[in-house]
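Subject: Structure handover

Hello,

I am passing on the structure we spoke about, with notes on what turned up in it. Please read the notes with the structure open.

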Amino acid sequence: NVAQLTGVMKLVAASKLKGVETRLMAGRPFGEGLMNSVSFKIEVDPEHPDYNHDVATAEPKKIMFMVVTTDRGLCGGVNSQIIRAARAEYKRYTDA
């Protein structure tokens with residue numbers, strides 16, 4: 001019966017969604033820690049009390065790249081593209 005199959009598919013989708021939401025919530029402290037790092041807040045957030053417009057518009061003296069890749073299986077192509085893009089961006093700054 002099509003209605004029963006549709007119902008089962010909805011249950012499976014809801015279960016998968018719940019799993020994704022759980023993993024997302026588990027990773028939230030990492031994201032919040034990153035977003036609340038002192039240097040990130042000072043450089044990016046104009047509302048931050050220590051934000052300096054002169055520093056934000058000046059040419060940076062040092063540049064840090066933070067590359068984040070996946071640790072999941074079958075993501076080699078994704079990781080390769082991320083690393084390739086990061087290397088190209090790094091080369092752009094080191095050759096300048």
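To begin with one residue: in which helix does Ile83 lie? Ile83 lies in helix 4. Please keep in mind that this is a predicted model.

The overall picture

The protein has four helices and zero strands. Read from the N terminus, its elements run α-α-α-α. Of the 96 residues in the protein, 4% are buried. The protein exposes about 8700 Å², and carbon and sulfur atoms supply 61% of that area.

The nonpolar patch

Ile83 is partly exposed, because its relative accessible area is 32% and the partly exposed class runs between 20% and 50%. Ile83 also belongs to a nonpolar patch on the surface, together with Ile63, Phe65, Val67, Tyr90 and Tyr93. The accessible area of these residues together is about 520 Å².

Tyr93, another member of the patch, lies in helix 4, which covers residues 76-94. With a relative accessible area of 39%, Tyr93 is partly exposed. Leaving aside residues up to four places away in sequence, Tyr93 touches Ile63 and Phe65, both of which are listed in the patch as well. Tyr93 and Ile63 are 30 residues apart along the chain, and their C-alpha atoms are separated by 8.4 Å.

A buried residue in helix 4

Asn79 lies in helix 4 too. Is Asn79 buried or exposed? Asn79 is buried, because its relative accessible area is 18% and buried means under 20%. Again leaving aside residues up to four places away in sequence, Asn79 touches Thr69 and Thr70.

The salt bridge

How many salt bridges does the structure hold? The structure holds one. In a salt bridge, the side chains of Arg92 and Glu89 meet at 2.7 Å, N to O. Arg92 and Glu89 are three residues apart in helix 4, so about one helical turn separates them. Arg92 counts as exposed, at 51% relative accessibility, whereas Glu89 counts as partly exposed, at 29%.

Where to look

For a tour of helix 4, start at Asn79, which is buried, and go on to Ile83, which is partly exposed. Then look at Glu89 and Arg92, whose side chains form the salt bridge, and finish at Tyr93 with its contacts to Ile63 and Phe65.

Regards

Technical notes
Residues numbered from 1 in each chain as written. Predicted model: local features only at pLDDT ≥ 70, side-chain atom pairs only at ≥ 80, totals over all residues. Heavy atoms only, no water. Helix = DSSP H or I, 4+ residues; strand = E, 2+ residues; numbered from the N terminus. Buried < 20%, exposed > 50% of the residue type's maximum accessible area, 1.4 Å probe, protein only. Contact = heavy atoms within 4.5 Å. Areas by Shrake-Rupley, 256 points an atom, 1.4 Å probe, with all protein chains shown as cover. Patch = residues over 30% accessible without salt bridge, like charges linked within 9 Å, V, L, I, M, F, W, Y side chains within 5 Å. Salt bridge = Lys/Arg side-chain N within 4 Å of Asp/Glu carboxyl O.
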